[in-house]
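Subject: Structure handover and notes

Dear colleague,

I am passing on the structure below, together with some notes on what was found in it. Please read the notes with the coordinates open beside you.

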Amino acid sequence: MDVNTVGVVGAGQMGNGIAHVMALAGYEVLLNDVSQDALNAALGRIDKNLERQVSREKISAEEKAAAMGRIRTTLTLTDLGQADLVIEAAAERETVKQAIFEDLLPHLKPETILTSNTSSISITRLASRTDRPEKFMGFHFMNPVPVMQLVELIRGIATDEPTYRTCLGVVEKLGKTAASAEDFPAFIVNRILMPMINEAVYTLYEGVGNVQSIDQSMKLGANHPMGPLELADFIGLDTCLAIMNVLHDGLADTKYRPCPLLTKYVEAGWLGRKTQRGFYDYRGESPVPTR
Ligand code: NAD
């Protein structure tokens, strides 16, 4: 199936990045949000991020202008009915996503592919509540979208091969690489990454190392570009905890139990970089370990 117009629902952190890469690759983009402020902020951010690519000579000023010209914003969800592919990237709450699909479905063309950028909600369950489970799949970008090379493509139990092939073609047109994942909790990247981060927190909790020695060990001893605790602060400790809970509940295996120290940081509101404090304190000139 030919995809020309892509609808993006949710213009937050992920939605603006998705609109950016889609427009740059030549797709017409319809970007929707419930908040005009979010739409304005998204356009501002896309403009700024494209400008950075121009200044680094990755794209030309003409390519930037053409990409900006391909993005239309709307507060009316049903405007996305014209899209050939819809990527839902609204808040990570199942009720929110379900309400979006219910409102949107009557306005979609029968052949339109519907996808979700969810990090943790079952694709099969989301798909089962639509009129097109065979044309529904997970389209999971990594953050920040313009920078990260990978997209996980997640097939629900009913997803058909043409839908997968079409989404794969879109990922390739973006110049990104797809990894195909089955629909089990946290898919591939977070299934492997989060237990490693959680184990780093256990290592801290049990006093095996401190923040600095744990991060240094994984950087210099395992060649990771960032230490696991530094990375946890970057992702957000609330997000890390939520994903561990999805693994723990969804796979019913005690090996995924979230570390009590991770829970304690979240209860304190020390969520990492976004609140200026997590495993490091970011309020000064350079980050200072909090343990
Ligand atoms: P965000 O909070 O930055 O943005 C969500 C946006 O959705 C907000 O602008 C909000 O106004 C909008 N929204 C809420 N309800 C809506 C509705 N009914 N209709 C239209 N818009 C609505 O969140 P985010 O970090 O961009 O995450 C979006 C999705 O992407 C989530 O499902 C999340 O799990 C997933 N995801 C996030 C990351 C990440 O690192 N942040 C990575 C991969 C996937």
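A salt bridge is taken here to be a side-chain nitrogen of Lys or Arg within 4 Å of a carboxyl oxygen of Asp or Glu. Please bear in mind throughout that this is a predicted model.

By that rule, Glu161 forms a salt bridge with Arg155, the closest N and O atoms of the pair lying 3.0 Å apart. Glu161 also forms a salt bridge with Arg165, where the corresponding distance between the closest N and O atoms is 3.2 Å. Glu161 and Arg165 are four residues apart in helix α6, which spans residues 161–173, and are thus separated by about one helical turn. With a relative accessibility of 39%, Glu161 counts as partly exposed.

The count of salt bridges under this rule comes to 13. Another of them joins Glu51 and Lys64, whose closest N and O atoms are 2.9 Å apart. Because Glu51 lies in helix α2 and Lys64 in helix α3, this pair ties together parts that are 13 residues apart in sequence. Glu51 is partly exposed, at a relative accessible area of 39%, whereas Lys64 counts as buried, at 12% relative accessibility. Through shared partners, salt bridges join Asp47, Glu51 and Lys64 into one network.

Helix α2 itself deserves a closer look. It runs over residues 36–55, which makes 20 residues, and its first and last C-alpha atoms are 29 Å apart, close to the 28 Å expected at 1.5 Å a residue. Its buried residues are Leu39, Ala42, Ile46, Asn49, Leu50, Gln53 and Val54. These residues cover an arc of only 150° around the axis, so they lie on the same side of α2. What do the buried residues of α2 pack against? Their partners are α1 (13–24), β2 (28–32), α3 (61–69) and β3 (71–74). The face of α2 turned away from its buried side carries the exposed residues Asp37 and Ser55. At the start of the helix, a side-chain oxygen of Ser35 comes to within 3.3 Å of the backbone nitrogen of Asp37, and after the helix comes Glu57, whose phi is positive, near 60°.

Turning to the nonpolar interior, the largest core has 37 residues, of which Met22, Leu85, Phe139, Phe141 and Leu153 touch the most other members. At least two residues of this core are supplied by each of β1 (5–9), α1, β2, α2, β4 (85–88), β6 (136–141), β7 (150–155) and α6. The largest share, six residues, comes from α1. If neighbours within four places in sequence are left aside, Met22 is in contact with Val6, Tyr27, Val29, Ile87, Phe141, Val170 and Leu174. Apart from this core lies another, of 26 residues, among them Ile214, Ile243, Leu247 and Leu261.

A last note concerns strand β1, in which Thr5 lies. Is Thr5 buried or exposed? At 13% relative accessibility, Thr5 counts as buried. Not counting residues up to four places away in sequence, Thr5 touches Glu28, Leu30, Gln82, Ala83, Asp84 and Leu85.

With best regards

Methods. Residues numbered from 1 in each chain as written. Predicted model: local features only at pLDDT ≥ 70, side-chain atom pairs only at ≥ 80, totals over all residues. Heavy atoms only, no water. Expected span 1.5 Å × (residues − 1). Buried < 20%, exposed > 50% of the residue type's maximum accessible area, 1.4 Å probe, protein only. Arc of directions from axis to C-beta. Contact = heavy atoms within 4.5 Å. Polar contact = N/O pair within 3.5 Å; in protein donor to acceptor, adjacent residues only side chain to side chain. Core = buried A, V, L, I, M, F, W, Y, C linked by side-chain atoms within 4.5 Å.
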